[in-house]
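Here are a few exercises to work through with the model open beside you. Try each one before reading its solution.

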Amino acid sequence: LDGLDVVLFPGDLSYADGYADAWDFYGRLGEFLWDSVPTAYGPGNHEYNSGGENFANFLPRYGWPSSQRSNSDSNLWYSFEVGLAHVIMLCSYCDYTTSSMQRTWLEHDLRSVN
């Protein structure tokens, strides 16, 4: 893991499909990685609709606490800096229409990058 600045998980983390114990098993399985390098998570269909998840198991385990630093309205979309990169994590399972909170946040976030 030497030389890694960040690991990005864009979704479909555990395939637990509503089974909370499988989320915990997945977390323990990858704990060495989470302790070794900064990680960022985005929700996929298995965090949202498989097994009726609706983010119920994703948010308490992987809800990104620095969403407040990026002035995000939600832990499901946020941004952060890694080296010279401005990384944006979005939620394709959340409303992203023109007047949505996610879209409004994204436009503001993009304007703030120099």
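**Exercise 1.** Which residues make the nonpolar surface patch, and where does leucine 4 lie?

*Solution.* Leu1, Leu4 and Phe32 make a nonpolar patch of about 320 Å². For such a patch, residues need over 30% relative accessible area and no salt bridge, with nonpolar side chains (Val, Leu, Ile, Met, Phe, Trp, Tyr) joined within 5 Å. A salt bridge is a side-chain nitrogen of Lys or Arg within 4 Å of a carboxyl oxygen of Asp or Glu; areas are Shrake-Rupley values with a 1.4 Å probe. Next, find leucine 4 in the segment before β1 (7–9); strands are DSSP E runs of at least two residues, helices H or I runs of at least four, numbered from the N terminus. Its relative accessibility is 42%, so leucine 4 counts as partly exposed (buried is under 20%, exposed over 50%, partly exposed in between).

The model is predicted: local features need pLDDT of at least 70 and side-chain atom pairs 80 or more, while totals for chains, interfaces and linings use all residues. Numbering runs from 1 along each chain as its sequence is written, and side-chain values use heavy atoms, leaving out hydrogens and water.

**Exercise 2.** Work out which residues of α5 are buried, and what they pack against.

*Solution.* Pick out Gln102, Trp105, Leu106 and Asp109 as the buried ones. They cover an arc of only 100° around the axis (taken from the directions from axis to C-beta atoms), so they sit on the same side of α5. Then look across: these buried residues pack against β3 (78–82) and β4 (85–89), contact being heavy atoms within 4.5 Å.

Terms used. Buried means under 20% relative accessible area, exposed over 50%, partly exposed in between (1.4 Å probe, protein chains only). Patches are made of residues with over 30% relative accessible area and no salt bridge: like charges are joined within 9 Å, nonpolar side chains (Val, Leu, Ile, Met, Phe, Trp, Tyr) within 5 Å.
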